[in-house]
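Please walk me through this structure, taking the elements one at a time. I would like the terms explained where they come up.

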Amino acid sequence: MKDARIAPSMPADMHGALATVQALKTARNAQEIRAVRKDLVDVMRGNLVLDQPIPVEFSNYLIKLNGPCTFLTEGCKVYFEKNGGAVIKEVIDETNFTIETTENLTDGADTMTVVEVKNVHTVNDDKLILLSLSAIREVSDNILDETVLKKIDARMATIEKFFMSALTRLRRLENL
């Protein structure tokens, strides 16, 4: 029998957090996390201003980045400080891609500052932390509940033994 304690307040959408965390154990990327629980993943669309602009090297229509960029997608625009905007024609890898543009480009060094993104899935860290804390609370409540129940069961057993002993003595006294 469970005790009827009032549970600590928790956001309504975080009930069952422990089961959700168990289901998330096998998720390898944001799309798989979204399949388990949609509100944990944000979908980005539009222009993404890079926190740290990436130095690039122009060579005709081939662009070589000095660092990787995982947001590159064919058909999306990228913007540079000197050469303006261009549409990505082909992504070769995370550091190389080709562009299509009608503007005259200046070969040499430039800096990529903005990337257009479509359907980029990112994990919402705040909600994931809240979910984790809720799961920890559920586990601690379960442990506390089991511990409390064991203590109550032990005390009830002691009380039962005491009453059985007192009842036995009372019956003996009645038989005298």
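Arg34 lies in helix H2, which covers residues 30-36. Helices here are DSSP runs of H or I with at least four residues, strands are DSSP runs of E with at least two, and both are numbered from the N terminus. The model is a predicted one, in which local features need pLDDT of at least 70 and side-chain atom pairs count only at pLDDT 80 or more, while totals for chains, interfaces and linings use all residues. Residues are numbered from 1 along each chain as its sequence is written, and side-chain values use heavy atoms, with hydrogens and water left out.

Arg34 counts as partly exposed because its relative accessibility is 29%; buried means under 20% relative accessible area, exposed means over 50%, and partly exposed is in between, with a 1.4 Å probe and protein chains only. Apart from its neighbours within four places in sequence, Arg34 is in contact with Val41, Val43 and His121, where contact means heavy atoms within 4.5 Å. The C-alpha atoms of Arg34 and Thr122 are separated by 9.5 Å, although these residues are 88 apart along the chain.

The strands come next. Six of them form a closed barrel in the order E1-E2-E5-E4-E3-E6, with antiparallel pairing. On average, neighbouring strands of this sheet are turned by 45 degrees against each other, direction ignored. Two strands are said to pair if DSSP finds at least two bridges between them. Strands of a sheet pair through backbone hydrogen bonds, either parallel or antiparallel.

Strand E1 (residues 41-59) and strand E6 (residues 108-123) run antiparallel and are joined by 13 bridges. One residue pair here is Met44 with its bridge partner Val120 in E6. The loop between E1 and E2 holds Asn60. The phi angle of Asn60 is near 55 degrees, a positive value in a residue other than glycine. With a relative accessible area of 52%, Asn60 is exposed.

Beyond that loop, strand E2 (residues 62-65) pairs with strand E5 (residues 96-100) in the antiparallel sense, over three bridges. Leu62 belongs to E2, and its bridge partner in E5 is Thr98. How do the two partners fare in accessibility, buried or partly exposed? Leu62 is partly exposed, its relative accessible area being 35%, while Thr98 counts as buried at 18% relative accessibility.

The contacts of the two residues can be listed in turn. Leaving aside neighbours within four places in sequence, Leu62 is in contact with Glu57, Ile92, Phe97 and Thr98. With residues up to four places away in sequence not counted, Thr98 touches Tyr61, Leu62, Val87, Ile88, Lys89, Glu90 and Ile92. Leu62 and Ala154 are 92 residues apart along the chain, and their C-alpha atoms are separated by 76 Å.

Strand E3 (residues 77-80) pairs with E6 in the antiparallel sense over three bridges. E3 also pairs antiparallel with strand E4 (residues 84-93), in this case over four bridges. E3 and E4 form a hairpin with three residues between them. Tyr79 has Val114 as its bridge partner in E6 and stands opposite Gly85 in E4. Phe80 has Met112 as its bridge partner in E6. The side chains of E3 alternate: Val78 and Phe80 point to one face and are buried, whereas Lys77 and Tyr79 point to the other and are not.

The last topic is helix packing. Two packed helices are described by the angle between their axes and the distance between the axes. Helix H1 (residues 17-24) packs against helix H3 (residues 125-175) at an angle of about 120 degrees, with the axes 8 Å apart. Axes are lines fitted to C-alpha atoms, for helices over the stretch in contact, and angles run from 0 to 180 degrees between N-to-C directions. H1 and H3 are therefore oblique to each other, since angles under 35 degrees count as roughly parallel, over 145 as roughly antiparallel, 65 to 115 as roughly perpendicular and the rest as oblique.

On the H1 side, Ala17, Leu18, Thr20, Val21 and Leu24 meet Leu128, Leu131, Ser134, Ala135, Glu138, Val139 and Asn142 of H3. The residues of this contact divide into eight nonpolar, three polar and one charged. Here Ala, Val, Leu, Ile, Met, Phe, Trp, Tyr, Cys and Pro count as nonpolar, Asp, Glu, Lys and Arg as charged, and the others, Gly among them, as polar.
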